[in-house]
Each structure stands twice: as structure tokens, then as C-alpha cells.
Amino acid sequence: MITLTVNGASHRLDVEPDTPLLYVLRDSLALRSPRFGCGLGQCGACTVLVDGKAVRSCVTSAAQVGGRKVTTLEGLGTPERPHPVQQAFIEEQAVQCGYCLNGMIMTAAAFLQSRKHATDGEIRQALAQNLCRCGTHQRILRAVRRAAALLAKGT
């Protein structure tokens, strides 16, 4: 049995300790935002926040996050009160197919916690390990810049 705190709720789960966190989130907790992409931690589709840091859940075991705070896209904001990064992605229409969206938003949210006044180059570097095949890179960059401005204002 492993106890995980996900999106503010505690869950006691009967899973093997080496089960990838991604599988626990999707299969045991029915959270659909982290996605299976490459299974190697290289594409970013499975990104979640662990204690505020962006982590690839496909290569992180459930046991590694026991006692730590896990946040998925579902727990970042709400439909009524989206996180500034979520709001910025909506306003910039920074999604096409949506497969990379989870990783882009979660990585940006973690990055902007400490870099609200980031340059375009710093934003590009922060998102460089998240793959997007649709070509919405410019809209994603605009969304992260918008989110940074919202966060800098304290929104």
C-alpha cells in the first residue's frame, strides 16, 4: 500500500512501489491530463508537479513521490478559476491537437514560479524538452509570456 497526496487529496492505493506514477494517476485515480507519450521521459506529455517541480511521471515510480505533494493539470486550477498559465493558454488559443498541452502547461507553471520576468530565450529553454508536433510553438510562447505577465501582476 502506498499513500499519495494528489491535487490536495490523500489516496491509499494498493499498487507495486515501482509502478510508474503515470499509471497510478491514470489507471487508479482516473486522472486523464498526464498522457503516455514516449514512456522514456523525453516528450513531456506525462508531466506533473511534485512539490512544485515539473516531473515526468512515466519514469517516476509511485514510491518516489510518497509523502510529497503531486499536482496534475486537473489540480492546477478549476474551470471557474483557472491557473494563470491555463488562462493564458485559453486566451492565446495555444492548442491544436492538445497532446502536448499537459506537459507545456505543467512545465510552464513550474518554471514561472521562480521566473515571472523570463526572457523569450529562457522560456524556450524551459520548454525545450516538451515535444509539440502540431506547430503551435509561437502561440505557446505567447501564452507563457502572457502567463508570466499575469503572475508578475499577482493575478
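How are α4 and α5 oriented to each other?

## Packing of α4 and α5

In this predicted model, the axes of helix α4 (residues 101-114) and α5 come within 9 Å and cross at roughly 125°. Angles of 65 to 115 degrees count as roughly perpendicular and those over 145 as roughly antiparallel, the rest above 35 being oblique; α4 and α5 are therefore oblique to each other. Their crossing is right-handed.

On the α4 side, the contact involves Met-104, Thr-107, Ala-108 and Phe-111, which meet Glu-122, Ile-123, Ala-126 and Leu-127 of α5. Sorted by class, this contact comprises six nonpolar residues, one polar and one charged.

## The largest pocket

The largest pocket holds about 190 Å³ of space. Its lining includes the cysteines Cys-38, Cys-43, Cys-100 and Cys-132, together with Gly-37, Gly-44, Ala-45, Tyr-99, Leu-131 and Arg-133. Seven of these lining residues are nonpolar, two are polar and one is charged.

## The second largest pocket

About 160 Å³ of space lies in the second largest pocket. Met-104, Ile-123 and Leu-127 belong to its lining, and these residues also take part in the contact of α4 with α5. The other lining residues are Arg-124, Ala-128, Asn-130, His-137, Gln-138, Ile-140 and Leu-141.

Both α5 (120-127) and α6 (137-153) supply at least two residues of this lining, and α6 gives the most, with four residues. By class, the lining of the second largest pocket has six nonpolar, three polar and one charged residues.

Methods: Residues are numbered from 1 along each chain as its sequence is written. This is a predicted model: local features need pLDDT of at least 70, side-chain atom pairs count only at pLDDT 80 or more; totals for chains, interfaces and linings use all residues. Side-chain values use heavy atoms; hydrogens and water are left out. On a 1 Å grid over the protein atoms alone, a cavity is a set of points where a 1.4 Å probe fits but cannot get out, and a pocket is an open set with protein on both sides within 12 Å along at least five of seven lines; lining residues have an atom within 4 Å of a point. Grid points are joined across faces, edges and corners, and a volume is the space filled by probe spheres set on the points. Ala, Val, Leu, Ile, Met, Phe, Trp, Tyr, Cys and Pro count as nonpolar, Asp, Glu, Lys and Arg as charged, and the others, Gly among them, as polar. Axes are lines fitted to C-alpha atoms, for helices over the stretch in contact, and angles run from 0 to 180 degrees between N-to-C directions. A crossing is left-handed if the near helix is turned anticlockwise from the far one by less than a right angle, and right-handed if clockwise. Contact means heavy atoms within 4.5 Å.
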